[in-house]
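Visitor: Got a minute to walk me through this one? I'd like to talk rings and helices.

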Amino acid sequence: MLIATNVRGHAVKRPSKPTMGTMLANLGQGDHLILERRDEDREGDWYIQVLFRDNNTYQLEYRDGVPAEHYQTLTASQEKARQALLGWADDKPNWQDGFMWNNIGAMFGAPVVEATDQPNA
């Protein structure tokens, strides 16, 4: 099931394509939209999110289940952002084409914990 959530926390279950397009078009600077896929068959976090940045660009990120598979790109085109959002929602192959994606998964990895003193046995 798809769930679209805007910056104000308004959630729409099973959003239609026009609804997703309207939610994207209504983003103000600094606002974001998250489209999440919740399926019992898939473990982990599966989502795409769009942030409309202060410089009038769209920052897109998606995660394929695990933090290591988290990618980001930028576009100045609302239409390209909409196409990516709808392509992801439809689970279309190659929906990522047309963008240069950067893997930012390292930003979400588990923190490294250093051992200090060993307990006495």
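Guide: Sure, here is a quick chat about aromatic pairs, charges over rings and one helix. This is a predicted model, where local features need pLDDT of at least 70, side-chain atom pairs count only at pLDDT 80 or more, and totals for chains, interfaces and linings use all residues. Residues are numbered from 1 along each chain as its sequence is written, and side-chain values use heavy atoms, with hydrogens and water left out.

Visitor: How many aromatic pairs are there?
Guide: Six. Rings of Phe, Tyr and Trp (its six-membered ring) pair if their centres lie within 6.5 Å; planes under 30 degrees apart are stacked, over 60 edge-to-face, the rest tilted.

Visitor: Why is the pair of Trp95 and Trp101 edge-to-face?
Guide: Because their planes sit at 75°, with ring centres 5.7 Å apart.

Visitor: Buried or exposed, those two?
Guide: Trp95 and Trp101 are both buried (under 20% relative accessible area; exposed is over 50%, partly exposed in between, 1.4 Å probe, protein chains only). Ring pairs also link them with Tyr62, Tyr71 and Phe99 in a cluster.

Visitor: Which ring has the charged end of Lys80 over it?
Guide: Phe99's, 4.8 Å from the centre. The rule wants NZ of Lys or CZ of Arg within 6 Å of the ring centre and within 35 degrees of the ring normal. Arg37 does likewise over Trp88, at 4.1 Å.

Visitor: New topic: which residues of H2 are buried?
Guide: Ala81, Ala84, Leu85, Leu86, Gly87, Trp88 and Ala89. Helices are DSSP runs (H or I, at least four residues), numbered from the N terminus.

Visitor: And what follows H2?
Guide: Asp91, with a positive phi near 60°.

Note on methods:
Helices (H or I, at least four residues) and strands (E, at least two) are DSSP runs, numbered from the N terminus.
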